Amino acid sequence: PKTAYVRTKPHLNIGTMGHVDHGKTTLTAAITKVLAERGSGTYVPFDRIDRAPEEAARGITINIAHVEYETDTRHYAHVDMPGHADYVKNMVTGAAQLDGAILVVSALDGIMPQTAEHVLLARQVGVDHIVVALNKADAGDEELTDLVELEVRELLTSHGYGGDSVPVVRVSGLRALEGDPRWTEAIGALLDAVDTYVPMPERYVDAPFLLPVENVLTITGRGTVVTGAVERGTIRVGDRVEVLGAAVDTVVTGLETFGKPMEEAQAGDSVALLLRGVPRDAVRRGHIVAAPGSVVPSRRFSAQVYVLSAGEGGRTTPVATGYRPQFYIRTADVVGDVDLGAGAVARPGDTVTMTVELGRDVPLEPGLGFAIREGGRTVGAGTVTAVG
Ligand code: GDP
Ligand code: MG
């Protein structure tokens, strides 16, 4: 039998973000290695984290690679995105529900477009705490690294992160993976910074249960499993739930976190829920598992939206009423009609208010963050201000 998950430390969700090739996956592997050597986790090698092809071959789309580990004071679920598009889709829409993020910046390259885009979008969706890993410090020249640090602090300040007080730790994921003592110690310093700088967020464990579905899997002989992060509330084996989007009422017959069975999952946990009698193809990513009757989906809302500038990877031309992009809301991806009011336009770089009519009903509420995408790239980030 599998060992049950025992909640002995507060659980937080963090993730690596930053430009491609700056070393996010290497750093993730290095963190698990350093902690495994301390006896508080399992080493997850690089090629087990960047595992998209293997999963794709089995017909399962795993868009987020999760690893778990423990420091002296906390249990963490850590997400590392295989690619930029997945990052934007999953993390930025709030699917990963990050309590804090490790911004990985290569000391050799400095700020690149995705560095800035991830910081912007993290701010937009309410990731309030960022710790910087100035990676590849083994290969960088000290003066250049100092300049990169200044540049990163400025970027963070310009997005409201108080760049002067953000911890910036010089690391080498690669050398730490190789066992170099100096860089192993640097990983320890990075984890200490995360432990102390990212506060334990408030968890709404008494609210009605809600989990946005990230993935759906079949376990032969057991049934359909949905995975995701519990947004709020508490769930126990035997509880009734409804699946919004699928119009299914069912019962949770099994609960796991990182392969360990649990009796009860709560807000902030990354879990797999086994659902009684639900066919595999009835449920998909974007659906919501909720306490019966606790949410009423709708399709009209007002929002405040930041339209990304061309320099941030956004559009080069303005948008007007009649614009019909994709809205990424929690794990859902829905087309929507934008209304800016007669004659109004939104130029790249503008913050505007708009009303949106979605192509289908989804659970909406004020404060909910979302991303707007078009042709595979993010062109806007917003927050719901009113529903209906
Ligand atoms: P990601 O795209 O951000 O996940 O980056 P990867 O972790 O895949 O790393 C990209 C490349 O940078 C790989 O060739 C790594 O070996 C290299 N790399 C990662 N971390 C370091 C480091 O700390 N020092 C050096 N010199 N190279 C690194
Ligand atoms: Mg990677």
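This report describes the surroundings of ligand 1, the cavities, one pocket and the salt bridges of the structure above.

The structure is a predicted model, in which local features need pLDDT of at least 70, side-chain atom pairs count only at pLDDT 80 or more, and totals for chains, interfaces and linings use all residues. Residues are numbered from 1 along each chain as its sequence is written, chains are lettered from A and ligands numbered from 1 in the order in which they are written, and side-chain values use heavy atoms, with hydrogens and water left out.

**Ligand 1**

Ligand 1 is surrounded by 16 residues, and D21, K24, T25, T26 and D138 are the closest. A residue counts as near a molecule if one of its heavy atoms lies within 4 Å of it. By class, this shell holds eight polar, four nonpolar and four charged residues. Here Ala, Val, Leu, Ile, Met, Phe, Trp, Tyr, Cys and Pro are nonpolar, Asp, Glu, Lys and Arg are charged, and the others, Gly among them, are polar.

The table lists three polar contacts of the ligand (pairs of N or O atoms within 3.5 Å).

| Residue and atom | Ligand 1 atom | Distance |
|---|---|---|
| D138, polar side-chain atom | nitrogen | 2.8 Å |
| G23, polar backbone atom | oxygen | 3.0 Å |
| L174, polar backbone atom | oxygen | 3.3 Å |

Taken alone, ligand 1 exposes 580 Å², and the protein buries 77% of that. Such accessible areas come from the Shrake-Rupley method with a 1.4 Å probe. Two or more residues of the shell come from each of α1 (24–37) and α7 (173–177), and α1 gives the most, with three residues. Helices (H or I, at least four residues) and strands (E, at least two) are DSSP runs, numbered from the N terminus.

**Salt bridges**

There are 20 salt bridges in the structure, each a side-chain nitrogen of Lys or Arg within 4 Å of a carboxyl oxygen of Asp or Glu. D138, one of the closest residues to ligand 1, forms a salt bridge with R175, and the closest N and O atoms are 3.4 Å apart. This pair links distant parts of the chain, 37 residues apart: D138 is in the loop between β5 (130–135) and α6 (142–158), and R175 is in helix α7.

**Cavities and a pocket**

Rolling a probe the size of a water molecule over the atoms shows where empty space is left. On a 1 Å grid over the protein atoms alone, a cavity is a set of points where a 1.4 Å probe fits but cannot get out; a pocket is an open set with protein on both sides within 12 Å along at least five of seven lines; lining residues have an atom within 4 Å of a point. Grid points are joined across faces, edges and corners, and a volume is the space filled by probe spheres set on the points.

The whole structure has five cavities of 30 Å³ or more. The largest holds about 70 Å³ of space. It is lined by 13 residues, of which G286, I288, R360, V362 and P363 are the closest to its centre. Strand β22 (residues 351–362) gives the most to this lining, three residues.

The second largest cavity has a volume of about 60 Å³. Its lining includes V305, Y306, V307 and R315, and β17 supplies the largest share, three residues. This lining has eight nonpolar residues, one polar and one charged.

The second largest pocket holds about 890 Å³ of space. Among its 30 lining residues, Q97, L98, V125, G126 and E231 lie nearest its centre.

Note on methods: A polar contact is a pair of N or O atoms within 3.5 Å; within protein, one must be able to donate a hydrogen and the other to accept it, and residues adjacent in sequence count only if both atoms are side-chain atoms.
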